[in-house]
Amino acid sequence: MAIHAADILGTVFRIERLSLRLVRLPLVAFFETSFGRVYDKTFILVTLDGDGLQGLGECVADVDPYYSSETNVGAWHVIKDFLASLVLGKTFDHPRDLFPAMTRVRGHHMAKAAVEMAAWDLAARRQGASLATMLGGTRTAIASGVSIGIQDSLDDLAAKVRKELDAGYRRIKIKVKPGWDVDAVEMIRDRFGSIPLMVDANAAYTIGAAAHLQALDRFGLMMIEQPLDYDDIRDHAALQRRLETPICLDESIHSVRAAEDAIALQACRIINIKPGRLGGHAESIRVHDLCAWHGIPVWHGGMLESGIGRAQNIHLASLRNFTLPGDIAASRRYFVPDLIDPPIEVSRDGLVAVPTGPGIGVHVDWDRVQASTTETYEVRA
Ligand code: OSB
Ligand code: MG
């Protein structure tokens with residue numbers, strides 16, 4: 001029998017079983033963006049089993065197709081009826097081979113990412129290595145920032161900013177939309193001075209608002225995230241030419257190619273990486289490396305993940321070009337209790353430790369998972 005390099009490195013793994021759970025968790029506090037207010041989080045938890053080990057992936061699709069076109073119901077269908085058969089019973093040399101194995105299915109990056117990231121966890125466990133090690137991460141801790149949703153009043157917003165600064169977070173991001181933007185930023189600058197501050201519009205403006213957005217330039221923001229439409233790279237380039245504030249793209253960067261286009265057109269100076277949006281860790285690493293090559297800093301975004309998806313994100317954010325604080329905050333900002341025990345904690349100086357155990361390196365409380373699960377599916381090779 002031929003021996004492959006991957007055998008010697010111990011990265012070969014076989015996927016024998018795939019299971020899906022639809023999990024619903026109440027949020028500690030409502031979260032409001034330019035597309036609405038949410039009180040809970042419903043997501044698909046993917047498990048892959050092989051060689052007596054198990055890997056976990058959290059799908060970042062939502063109940064509604066507002067942040068992206070994907071939804072939980074759609075992702076469930078796509079994983080169950082199309083992706084499962086492309087990975088089940090197969091032996092892979094490396095988890096980077098998962099995304100290419102699923103190319104027959106177009107798009108559906110969040111569905112693919114949940115499967116792919118579970119495979120990375122499984123492969124890392126198979127190697128007895130932490131996921132960060134397997135991904136090529138170099139940091140032992142990552143810098144943490146917070147995303148503060150739209151509030152009912154500027155006083156409520158000020159109270160949230162105070163709380164998060166006191167907790168040690170290294171930068172504050174606030175959600176903005178027309179009618180909740182310049183005044184909110186001005187209030188924060190007045191009350192909190194020159195703290196590291198940025199805004200995220202989740203595509204709430206059009207290029208016609210360019211003159212209005214220029215009013216933000218005087219506040220020295222770190223960046224403005226996704227001001228224009230979710231797939232609009234050209235108008236972002238036009239807007240960037242008119243703004244001093246760096247534009248950071250989130251929704252628009254749905255693939256490696258979109259990142260290449262955005263960089264070529266100078267549509268942004270910073271990129272937010274979310275593995276769910278890009279189709280998993282391997283595609284995220286490609287965007288990370290591309291940005292490093294072009295001198296574009298990246299940071300790790302968040303999608304209100306449970307501790308399981310949050311752990312996945314922490315490992316990816318340990319790569320070298322994640323030089324800006326990300327949206328990876330402590331569990332207690334989102335879910336109490338979280339699905340993992342102990343939860344993710346942030347130190348007084350705004351750092352999150354990268355877990356060192358095998359795979360994602362966190363302990364899942366399966367009783368909590370079970371109690372929060374509303375639907376299940378399982379298929380074997
Ligand atoms: O645009 O970054 C975003 C949450 C859900 C959907 C989109 C976004 C967000 C956040 C929250 O900003 C980030 C987090 O704390 O997980
Ligand atoms: Mg965003």
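Student: Which residues is Arg277 in contact with, leaving aside its neighbours within four places in sequence?

Tutor: In this predicted model, Arg277 is in contact with Tyr67, His109, Asp250, Glu251, Ile253, His254 and Asn272, once its neighbours within four places in sequence are left aside. The word contact is used here because heavy atoms of the two residues come within 4.5 Å of one another.

Student: Why does Arg277 count as buried?

Tutor: The relative accessibility of Arg277 is 6%, and a residue is called buried when that value is under 20%. Since 6% falls under that limit, Arg277 counts as buried. As for its place in the chain, Arg277 lies in helix α11, which covers residues 275-278.

Student: What makes the pair of Arg277 and Asp250 a polar contact?

Tutor: The side chains of Arg277 and Asp250 are joined at 2.6 Å, and the rule asks for N or O atoms within 3.5 Å, one able to donate a hydrogen and the other to accept it. The distance is inside the limit, and therefore the pair is listed as a polar contact. The side chain of Arg277 also has a polar atom that lies 2.7 Å from the backbone oxygen of Ile253.

Student: Why is Asn202 called buried?

Tutor: Asn202 has a relative accessible area of 6%, and because buried means under 20%, the name fits. Asn202 sits in the loop between β9 (197-200) and α8 (210-214), and among the residues it touches, not counting those up to four places away in sequence, are Thr33, Tyr67, Lys175, Glu225 and Glu251.

Student: Is Gly74 buried or partly exposed, and why?

Tutor: Gly74, which is found in helix α2 (residues 72-87), has a relative accessibility of 24%. Buried would need a value under 20% and exposed one over 50%, so Gly74, with 24%, is partly exposed.

Student: Why is Cys248 called buried?

Tutor: Cys248 has a relative accessible area of 0%, and because the limit for buried is under 20%, the conclusion follows directly. Cys248 belongs to strand β11 (residues 247-249), and its contacts beyond four places in sequence include Met223, Cys268, Ile271 and Trp299.

Student: What makes Arg191 and Asp155 a salt bridge?

Tutor: Their side chains meet at 2.9 Å, from N to O, and the rule allows up to 4 Å between a side-chain nitrogen of Lys or Arg and a carboxyl oxygen of Asp or Glu. The pair therefore satisfies the rule in both residue kind and distance. Arg191 lies in helix α7 (residues 182-192) and Asp155 in helix α6 (residues 154-167), so the salt bridge ties together parts that are 36 residues apart in sequence.

Student: Why is Arg191 called partly exposed, and why does Asp155 count as exposed?

Tutor: Exposed means over 50%. Arg191 has 47%, which is not over that limit and is not under 20% either, so Arg191 is partly exposed. Asp155 has 52%, which is over the limit, and therefore Asp155 counts as exposed.

Student: What makes Asp327 and Lys173 a salt bridge?

Tutor: The N to O distance between their side chains is 2.6 Å, and because this is within 4 Å, the pair qualifies. Asp327 lies in the loop between α13 (307-316) and β14 (351-353) and Lys173 in strand β8 (residues 172-175), so parts that are 154 residues apart in sequence are tied together. Asp327 has a relative accessible area of 7% and Lys173 one of 2%; since each value is under 20%, Asp327 and Lys173 are both buried.

Student: How do you know that Asp152 and Arg37 meet in a salt bridge?

Tutor: Their side chains are 2.7 Å apart, N to O, and because the limit is 4 Å, the pair is accepted. Between domain 1 and domain 2 the count is three salt bridges, while a search of the whole structure finds 26.

Student: Which element gives the largest share of the side of domain 1 that touches domain 2?

Tutor: Across this interface the rule finds 18 residue pairs in polar contact. The largest share of the domain 1 side comes from α4, which supplies 12 residues. By class, that side has 25 nonpolar, eight polar and nine charged residues.

Note on methods: Residues numbered from 1 in each chain as written. Chains lettered and ligands numbered in written order. Predicted model: local features only at pLDDT ≥ 70, side-chain atom pairs only at ≥ 80, totals over all residues. Heavy atoms only, no water. Helix = DSSP H or I, 4+ residues; strand = E, 2+ residues; numbered from the N terminus. Nonpolar A, V, L, I, M, F, W, Y, C, P; charged D, E, K, R; others polar. Buried < 20%, exposed > 50% of the residue type's maximum accessible area, 1.4 Å probe, protein only.
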